[in-house]
Amino acid sequence: MNRRTLLKSAALLPLVPASQPLLTTAPAARKRSVRFAYIGDTHITPDTKPMESIAKCFHHAQNQADKPSFVLHGGDVIMDALKQDRDGVQKQWDAWHTVMKADNSLPIEYCIGNHDVWGFEGAKSDPMYGKKWAVDLMKISGRYRSFDKNGWHFIILDSVQPKPDGMWYTGNIDPEQLDWLKQDLAKTGTKTPVLVMSHIPIFSPTAFFSEQNNKDGNWTISGGLVLSNTPELLKLFYQYPNVKTALSGHMHLLDRVDYNGVTYLCNGAVSGNWWKSDTYQQTKAGYALIDLYDDGTVERTYLQYA
Ligand SMILES: [Zn+2]
């Protein structure tokens, strides 16, 4: 093509309207993809205080002028199924469903917490022993899973595992689940922003809250506080720059850690100090509004509902 034909074909190109700038240097403004309420560590019992307070929390979230579109429950829905018999566990789930029916109209997604696992010694041969009961009542497809919401990929992990002696619990992502996680991330690719949810934190400084975790000058952080295979997860996430945020509960404490491009958020607790008081260590009882944006950024607003 010589200069003459080049000019000729250029002349055939449609004219750009004068009002439309040819070059923009400013980056496009981020757009919010989704706002949801993180509600976790509710530890419900059939007592008045937890039931009324949890109802209040759900009303607080639903009465926001800028309303969340769904609830993500980060686990420990009920006070405890680890050591309770069938009747005791049933009463706690009944209390939960009573509040959900009366006081929540938002869709709700669940992540399993350690206290949702039925670990009662005398129930070992019961088909509902372990996670089956919670999975059924939470109406989730399995103990771990993933789904998409408005351009974000959500991965809900099961961080609660039996110890080598069969007793509950310690925190890690078991080999079967880790294989699934690797496949799920590979399938998602490196563009879609990813949120990871695990009840027990993957990476959190809240484990340093207590001098009891320091013996003779050395920190001892159990897998029950921070997952024991965190190093493996950090390496895996590093391969996927689109893994943007990892939420947790469990500690009843509030933190934010930015590490290798991932924002780790531990999100307090609705029950505060397990309903004994509204503050645990220095963290007030509350829940969080989480805003996810199309550029992969995340904002959290922690709110007290009482
Ligand atoms: Zn808890």
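Two strands are taken to pair if DSSP finds at least two bridges between them. In this predicted model, strand 2 and strand 3 clear that bar, pairing in the parallel sense over 3 bridges. One contact point to look at is Leu72, whose bridge partner in strand 3 is Glu109. Both strands belong to an open sheet of 5 strands, laid out in the order 3-2-1-16-17 with mixed pairing. Strand 3 and strand 17 (298–303) sit at the edges, each pairing on one side only. On average, neighbouring strands of the sheet are turned by 25 degrees against each other, direction ignored.

Next comes helix 2. With 15 residues (48–62) at 1.5 Å a residue, helix 2 should span 21 Å, and its end C-alpha atoms are indeed 21 Å apart. Quite a few of its residues are buried, including Pro50, Met51, Ile54, Cys57, Phe58 and Ala61. What covers the buried residues of helix 2 includes strand 1 (32–39), strand 2 (71–73), strand 3 (108–110) and strand 16 (287–293), along with helix 3 (86–103).

Then there is the zinc ion. Its protein donors are Asp41 (OD), His43 (NE2), Asp76 (OD) and His252 (NE2), at 2.0 to 2.5 Å from the metal. The 4 donor atoms subtend angles of 86 to 179 degrees, so the arrangement counts as irregular. Along the chain, the donor residues are spaced D-x1-H-x32-D-x175-H. The two histidines link distant parts of the chain, 209 residues apart: His43 lies in the loop between strand 1 and helix 2, His252 in the loop between strand 11 (243–248) and strand 12 (254–259). His43 counts as buried because its relative accessibility is 0%, and His252 is buried too, with a relative accessible area of 1%.

Terms used:
Residues numbered from 1 in each chain as written. Predicted model: local features only at pLDDT ≥ 70, side-chain atom pairs only at ≥ 80, totals over all residues. Heavy atoms only, no water. Helix = DSSP H or I, 4+ residues; strand = E, 2+ residues; numbered from the N terminus. Expected span 1.5 Å × (residues − 1). Buried < 20%, exposed > 50% of the residue type's maximum accessible area, 1.4 Å probe, protein only. Contact = heavy atoms within 4.5 Å. Axes fitted to C-alpha atoms, helices over the stretch in contact; angles between N-to-C directions. Donors = N, O, S within 2.8 Å, 3.2 Å for Na, K, Ca; no water. Tetrahedral: all angles 85-135°; square planar, octahedral: opposite > 155°, others 65-115°.
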